[in-house]
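Student: I would like to go through the helix packing here and see how each label is earned.
Tutor: Good. Let us take the terms one at a time.

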Amino acid sequence: MVKQGHYAKVSKQKRLRQLKQRRQAQEKRAIMPEMVSEFLQVRYHLTQAAKQRPAMRQMMQRFMAQWLAAGQAELSDNGQTTWSVVALTKQTLQTFNRQLPWQGYALVDQEMARWTAFLNKEVPAVPLSERITLTEALTPATWQACLSEQLAVNALLALTGDSRQLGQITTEQVRQLQTSIQTATGIDWEKVAQLLDSTVIAQNTLSEAELDDKTRQWLEKLQKLTPRDFNNHVE
């Protein structure tokens, strides 16, 4: 009679063999680290674009591309596979700075819950030999703090008329303006519009390639939106 221990040993060997085969299959499917940004942008387009209206789709494509460029730089330059969602989001907002009218930020705000859900699901699943880990989750409160801070900075820069004056803006000035444009549930876009509606976008910070006809038309379309538009779906 074959002893029960023999079956246990065979079963264990079988499981180990299956795990090895599964790991080898995953390694064969793995993409190169430098392909992460492109891979995720394609995934985002395939899973989200059909649900978005044109203005939102164009805004989120730009936001996603800039966010992933920052993450890709960490991965490619430093081999960093731990990404702080908060840090990369702040960096992205700072990069946009006054390149966007306030309406662009409002669109991102509308889409933020769905966007973070996409990140949390898709980024750790990117088939890399060493998977990316997301840290510092972007909660609604954290996002509001990041967004209101950038809007406050943009408004203060608009007052000075010179982005080179950023170093002269104090933390207290930013904090006070942040408080004035926040509500218990989010951003007061009426107040933001009052502060930034007449602001000339700092387009000189954009490259000529980014200021093609399609981009100009999109920016013009954004600037026609009013705070009331964000109570409904934007065309």
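**Reading the labels**

Tutor: Start with a loop residue: Glu 136 sits in the loop between strand E2 (133-135) and H6. Keep in mind that this is a predicted model.

Student: What makes the phi of Glu 136 worth a remark?
Tutor: Its sign. Glu 136 is not a glycine, and its phi is positive, at about 50°. Most residues other than glycine have a negative phi.

Student: What does the whole chain look like along the sequence?
Tutor: The pattern is α-α-α-β-α-α-β-α-α-α-α. That comprises nine helices and two strands. The chain has 235 residues, and 40% of them count as buried. Its accessible surface is about 14,100 Å², with 50% belonging to carbon and sulfur atoms.

Student: How do you know how much of the contact set is long in sequence?
Tutor: Take the contacts with a separation of 6 or more. Residues 24 or more positions apart account for 76% of them.

Student: Which values describe a pair of packed helices?
Tutor: The angle between the axes and the distance between the axes.

Student: Then why is H4 called roughly parallel to H6?
Tutor: Helix H4 (residues 85-96) and helix H6 (residues 140-160) pack at about 25°, with axes 10 Å apart. Angles under 35 degrees count as roughly parallel. The value falls under that cut-off, so H4 is roughly parallel to H6. The crossing of H4 and H6 is right-handed.

Student: Which residues make the contact between H4 and H6?
Tutor: From H4, Val 86, Thr 89, Lys 90, Leu 93 and Gln 94. From H6, they meet Thr 142, Trp 143, Cys 146, Leu 147, Glu 149 and Gln 150. By class, the contact of H4 with H6 has five nonpolar, four polar and two charged residues.

Student: What makes H6 and H7 roughly perpendicular?
Tutor: H6 packs against helix H7 (residues 171-181) at about 115°, and the axes are 8 Å apart. The range for roughly perpendicular is 65 to 115. The stated angle falls in that range, so H6 is roughly perpendicular to H7. H6 and H7 cross in a right-handed sense.

Student: Which residues of H7 are in the contact with H6?
Tutor: Gln 173, Val 174, Leu 177, Gln 178 and Ile 181. The H6 side includes Ala 145, Ser 148, Glu 149 and Leu 151. The classes for H6 with H7 are nine nonpolar, three polar and one charged.

Student: Why are H3 and H4 called oblique?
Tutor: The axes of helix H3 (residues 54-78) and H4 cross at roughly 120° and come within 9 Å. Roughly perpendicular covers 65 to 115, and roughly antiparallel needs over 145. The angle fits neither, so H3 and H4 are oblique to each other. This crossing of H3 and H4 is right-handed too.

Student: What is the class make-up of the contact of H3 with H4?
Tutor: Eight nonpolar, six polar and two charged residues. Among them are Phe 63, Trp 67 and Glu 74 of H3, and Leu 88, Thr 92 and Phe 96 of H4.

Student: Last one: why is His 45 called partly exposed?
Tutor: His 45 is in helix H2 (residues 36-48). Its relative accessible area is 45%. Buried means under 20%, and exposed means over 50%. The value lies in between, so His 45 is partly exposed.

Student: How far is His 45 from Gln 61 in space?
Tutor: 7.9 Å, C-alpha to C-alpha, with a sequence separation of 16 residues.

How values were computed
Residues are numbered from 1 along each chain as its sequence is written. This is a predicted model: local features need pLDDT of at least 70, side-chain atom pairs count only at pLDDT 80 or more; totals for chains, interfaces and linings use all residues. Side-chain values use heavy atoms; hydrogens and water are left out. Axes are lines fitted to C-alpha atoms, for helices over the stretch in contact, and angles run from 0 to 180 degrees between N-to-C directions. Helices (H or I, at least four residues) and strands (E, at least two) are DSSP runs, numbered from the N terminus. A crossing is left-handed if the near helix is turned anticlockwise from the far one by less than a right angle, and right-handed if clockwise. Contact means heavy atoms within 4.5 Å. Ala, Val, Leu, Ile, Met, Phe, Trp, Tyr, Cys and Pro count as nonpolar, Asp, Glu, Lys and Arg as charged, and the others, Gly among them, as polar. Buried means under 20% relative accessible area, exposed over 50%, partly exposed in between (1.4 Å probe, protein chains only). Accessible areas come from the Shrake-Rupley method with a 1.4 Å probe; for residues, only the protein chains shown count as cover.
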